[in-house]
Amino acid sequence: MPGGSRIPASVSATLAAPAEDPMHMPTDVALDSAGRIYVADGANDRIVIFRPDGAFERAVKAFGELALDRPVGLFVDSADGLWIADSGNNRLVVVPAGNRPPLAIELPKDEGGRPFEPTDVA
């Protein structure tokens, strides 16, 4: 977590998406320098975002033109850019801070011609 930030236990115990659209098997969590919490909800093809107090903010299925498919790994860099292991699309997605456009990093295929399915990013 940037700057050594941690999610307080009192907040992490309350993280929940709206009851009509709950998370299903979340796989990773990242925290930005403002305390915003990002949860990879790959089974629902989205990232769920919570405010620092643990309140639901929004769920995101696409960043710009980049629709997510099984995002399972997350990382927030020192500039508050969100990095996503977008497993189903065989790529990494980088969402820079400051409303700059997102970037897709396509991954090469392995020696057998099979696409990589990234599961984490650091």
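**Exercise 1. Over how many bridges do strand 9 and strand 10 pair, and in which sense?**

Solution. Keep in mind that you're working with a predicted model.

- Step 1: Find strand 9 at residues 91-95; its pairing with strand 10 is antiparallel and has 4 bridges.
- Step 2: Look at individual partners. L92 is bridged to I105 in strand 10, and V94 has L103 of strand 10 as its bridge partner.
- Step 3: Now turn to strand 8. Strand 8 and strand 9 also run antiparallel, joined by 5 bridges. In this pair, L82 sits opposite V95 of strand 9.

**Exercise 2. Work out the order of the strands in the open sheet, and say which ones stand at the edges.**

Solution.

- Step 1: Put the strands in order. The open sheet has 4 strands, arranged 7-8-9-10 with antiparallel pairing.
- Step 2: Check the ends. Strand 7 (71-76) and strand 10 (103-106) each have a single partner strand, so one side of each has no neighbour in the sheet.
- Step 3: Add the twist, which averages 20° from one strand to the next.
- Step 4: Zoom out to the protein. There are 1 helix and 10 strands, and the chain starts with the helix, as the element order α-β-β-β-β-β-β-β-β-β-β shows.

**Exercise 3. Is strand 9 mostly covered or mostly open, and what about its two faces?**

Solution.

- Step 1: Count the buried residues, meaning those under 20% relative accessible area. In strand 9, that's 5 of 5.
- Step 2: Split them by side. R91, V93 and V95 are on one face, L92 and V94 are on the other, and all of them are buried.
- Step 3: Set this beside the protein as a whole, where 38% of the 122 residues count as buried.

**Exercise 4. Is A85 buried or exposed, and what does it touch?**

Solution.

- Step 1: Place A85 in strand 8, residues 82-86.
- Step 2: Check its accessibility. The relative value is 0%, so A85 counts as buried.
- Step 3: List some contacts, leaving out residues up to four places away in sequence. Among them are V72, R91, L92 and V121.
- Step 4: Try a distance too. A85 and E117 are 32 residues apart along the chain, and their C-alpha atoms are separated by 8.2 Å.

**Exercise 5. Find where M25, R70 and N90 lie, and describe their phi angles.**

Solution. A bit of background first: most residues other than glycine have a negative phi.

- Step 1: M25 isn't a glycine, yet its phi is positive, about 60°. It belongs to the loop between helix 1 (9-12) and strand 1 (28-31). With 60% relative accessibility, M25 counts as exposed.
- Step 2: R70 also has a positive phi, near 60°. Look for R70 in the loop between strand 6 (66-67) and strand 7. Its relative accessibility of 34% makes R70 partly exposed.
- Step 3: N90 is in the hairpin of strand 8 and strand 9, which has 4 residues between the strands, and takes a positive phi near 55°.

**Exercise 6. What is the volume of the largest pocket, and how many residues line it?**

Solution.

- Step 1: Start with the volume, which is about 330 Å³ for the largest pocket.
- Step 2: Count the lining, which has 17 residues; Y38, R58, V95, P96 and A97 lie nearest the centre.
- Step 3: Sort the lining by type, and you get 9 nonpolar, 2 polar and 6 charged residues.
- Step 4: Link back to Exercise 3: V95 is one of the buried residues of strand 9.

Methods:
Residues are numbered from 1 along each chain as its sequence is written. This is a predicted model: local features need pLDDT of at least 70, side-chain atom pairs count only at pLDDT 80 or more; totals for chains, interfaces and linings use all residues. Side-chain values use heavy atoms; hydrogens and water are left out. Two strands pair if DSSP finds at least two bridges between them. Axes are lines fitted to C-alpha atoms, for helices over the stretch in contact, and angles run from 0 to 180 degrees between N-to-C directions. On a 1 Å grid over the protein atoms alone, a cavity is a set of points where a 1.4 Å probe fits but cannot get out, and a pocket is an open set with protein on both sides within 12 Å along at least five of seven lines; lining residues have an atom within 4 Å of a point. Grid points are joined across faces, edges and corners, and a volume is the space filled by probe spheres set on the points. Ala, Val, Leu, Ile, Met, Phe, Trp, Tyr, Cys and Pro count as nonpolar, Asp, Glu, Lys and Arg as charged, and the others, Gly among them, as polar. Buried means under 20% relative accessible area, exposed over 50%, partly exposed in between (1.4 Å probe, protein chains only). Contact means heavy atoms within 4.5 Å.
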